[in-house]
Amino acid sequence: MNAVQAFLATYPFLQTALDILALTVPPAFFLAFAGLGLFSAAAQARGARQRRKSFNKCARQLSMLGMTLGWGLLIGMRLWLYLSPAPQLAMVFEASWLLLAAATLLSSLVFFAAKLLEKAPWLHAILGLVQGVLAYAAFLLGLASAHLAPVVDSVLEALRSRQVPELPPLLDIFLPLATPLAYSLLLLLTLPAAFGAFWLILRRRLDDYGRDHYNATLPWCASWARNGWLALWLLMLAFNGLTVYDRWQNGVFTGHDALLQSIPLLLWLIPALLWAAASSSKTPLRHKFSLTIALLMGIAYLLPFTLEAAAPVVPDAALWEWPLHDPAPDALQQEAPLPEPDLPPQELPAPDVPEAPEAAPEAGPEQAG
């Protein structure tokens with residue numbers, strides 16, 4: 001581990017790239033895995049309703065993707081818990097891992113029982129819903145642990161010093177999580193479809209179901225991703241509009257701010273346009289590159305999402321200097337004073353004291369006469 005850390009310290013750009021991947025790929029896998037249970041159940045229900053075998057096969061392919069993501073997350077999180085130093089909220093991370101393990105086992109059951117579930121789409125939907133709830137709960141536990149870690153550190157530090165900890169208001173703790181949670185619910189609809197479309201392209205040579213199969217299932221996946229991303233973009237537009245309105249009312253909104261607000265919104269509209277082009281195309285297999293770019297942009301969106309959702313309650317500038325409370329006056333005098341240096345004794349000269357003037361002799365009676 002020391003050799004790896006020394007190597008990364010030599011190449012800071014590589015360290016930055018690994019940090020970005022750590023903040024985007026695992027959350028994207030978590031949200032995609034949480035939504036794939038219901039998404040594959042939707043494909044199963046569509047196949048049963050329209051009596052089209054292509055969507056039954058698509059449901060099996062999506063179940064395989066869910067199982068693959070689940071086991072990858074399970075093994076990766078176990079390695080991370082083993083190699084990383086024990087966090088303050090280690091029990092919370094262990095609970096998250098157990099929930100993820102239950103969701104992964106359930107996704108494996110759905111995949112291996114795909115033939116039986118073709119006759120019971122309602123059971124497939126129930127299993128997919130339970131898998132999604134378990135995986136999403138595991139994701140929220142990890143997210144809340146990263147968000148509340150500074151508060152836990154401060155509380156433990158106060159208890160160790162036998163002091164009463166001071167906590168921020170509950171509104172300041174949980175209000176920053178409101179916007180990311182609203183976004184994550186829409187990402188549960190978008191990322192499974194985006195990963196599913198990419199997975200179908202990867203499995204084309206291994207699962208040679210014919211061009212008609214992909215002409216039917218690829219546009220369906222792309223349309224789900226398009227609709228979910230458009231809803232997410234409209235929500236981003238609403239939140240940005242509220243922010244702009246508030247700053248406009250306070251008189252601090254300028255043209256430069258308008259440019260900074262509009263560029264990210266236009267940038268995040270690109271994935272919806274790419275998925276829209278693939279969903280309306282009669283030859284969706286020719287949109288491999290655009291579907292890949294749309295998926296990568298969807299994963300890249302997880303960087304600002306994770307930074308906002310996992311932002312600590314305590315500001316970064318005061319993360320390690322957050323005062324629990326004002327130190328008492330006696331606490332400021334607990335440090336032992338520095339020893340005085342030993343100096344050789346010196347004889348100081350006596351001070352110059354002026355002599356008192358001599359009193360004049362008193363006059364006798366003779367002199368008085």
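In the protein chain of this predicted model, 80% of the contacts between residues at least 6 apart in sequence join residues that are at least 24 apart. The chain has 14 helices and zero strands, and read along the sequence it follows the pattern α-α-α-α-α-α-α-α-α-α-α-α-α-α. Of its 369 residues, 37% are buried.

## Helix packing around α8

Two helix pairs involving α8 are described here. The first joins helix α2, residues 12-50, to helix α8, residues 178-202; they pack at an angle of about 80 degrees, with their axes 7 Å apart. Angles of 65 to 115 degrees count as roughly perpendicular, and therefore α2 is roughly perpendicular to α8. On the α2 side, the contact is made by Ala28, Phe29, Leu31, Ala32, Ala34, Gly35, Leu36 and Phe39. The α8 side contributes Ser184, Leu187, Leu188, Leu191, Pro192, Ala193 and Phe195. By class, the residues of this contact are 13 nonpolar and two polar, with no charged residue.

The second pair is α3 with α8, whose axes come within 10 Å and cross at roughly 105 degrees. This angle makes α3 roughly perpendicular to α8. Helix α3 takes part through Cys58, Gln61, Leu62, Met64, Leu65 and Thr68, while α8 takes part through Phe195, Gly196, Trp199 and Leu200. Seven nonpolar and three polar residues form the contact of α3 with α8, and no charged residue is present in it.

The two contacts are set out below.

| Helix pair | Angle | Axis separation | Residue classes in the contact |
|---|---|---|---|
| α2 and α8 | about 80 degrees | 7 Å | 13 nonpolar, two polar, no charged |
| α3 and α8 | roughly 105 degrees | within 10 Å | seven nonpolar, three polar, no charged |

## Leu36 and the end of α2

Leu36 lies in helix α2 and is one of the residues through which α2 contacts α8. Leu36 counts as buried because its relative accessibility is 2%, and buried means under 20%. Not counting residues up to four places away in sequence, Leu36 touches Leu62, Leu65, Gly66, Leu69 and Pro192. The C-alpha atoms of Leu36 and Phe195 are separated by 9.0 Å, although these residues are 159 residues apart along the chain.

Arg51 lies in the loop between α2 and α3. Arg51 is exposed, with a relative accessible area of 79%. Its backbone has a positive phi of about 55 degrees, although Arg51 is not a glycine.

## The enclosed cavity

The model contains one cavity of 30 Å³ or more. About 40 Å³ of space lies in the largest cavity. Its lining consists of Leu36, Gly37, Ser40, Leu62, Ser63, Gly66, Met67, Ser107, Val110 and Gln131. Helices α2, α3 (53-83) and α4 each give two or more residues to this lining. The largest share, four residues, comes from α3. By class, the lining of the largest cavity has four nonpolar and six polar residues, and no charged ones. Leu36 thus appears both in this lining and in the contact of α2 with α8.

Helix α4, residues 90-112, also holds Ser96. With 1% relative accessibility, Ser96 counts as buried. Leaving aside neighbours within four places in sequence, Ser96 is in contact with Met77, Ala138, Leu141 and Gly142.

## The second largest pocket

The second largest pocket has a volume of about 290 Å³. Of the 14 residues that line this pocket, Tyr183, Met236, Asn240, Tyr301 and Glu308 are the closest to its centre. Helices α9 (211-249), α10 (255-267) and α13 (302-309) each supply at least two residues of the lining. The lining of the second largest pocket is made up of ten nonpolar, three polar and one charged residues.

Thr306 is placed in helix α13, one of the helices that supply the pocket lining. At 8% relative accessibility, Thr306 counts as buried. Thr306 and Pro180 are 126 residues apart along the chain, and their C-alpha atoms are separated by 8.1 Å.

Conventions
Residues are numbered from 1 along each chain as its sequence is written. This is a predicted model: local features need pLDDT of at least 70, side-chain atom pairs count only at pLDDT 80 or more; totals for chains, interfaces and linings use all residues. Side-chain values use heavy atoms; hydrogens and water are left out. Axes are lines fitted to C-alpha atoms, for helices over the stretch in contact, and angles run from 0 to 180 degrees between N-to-C directions. Angles under 35 degrees count as roughly parallel, over 145 as roughly antiparallel, 65 to 115 as roughly perpendicular and the rest as oblique. Contact means heavy atoms within 4.5 Å. Ala, Val, Leu, Ile, Met, Phe, Trp, Tyr, Cys and Pro count as nonpolar, Asp, Glu, Lys and Arg as charged, and the others, Gly among them, as polar. On a 1 Å grid over the protein atoms alone, a cavity is a set of points where a 1.4 Å probe fits but cannot get out, and a pocket is an open set with protein on both sides within 12 Å along at least five of seven lines; lining residues have an atom within 4 Å of a point. Grid points are joined across faces, edges and corners, and a volume is the space filled by probe spheres set on the points. Buried means under 20% relative accessible area, exposed over 50%, partly exposed in between (1.4 Å probe, protein chains only).
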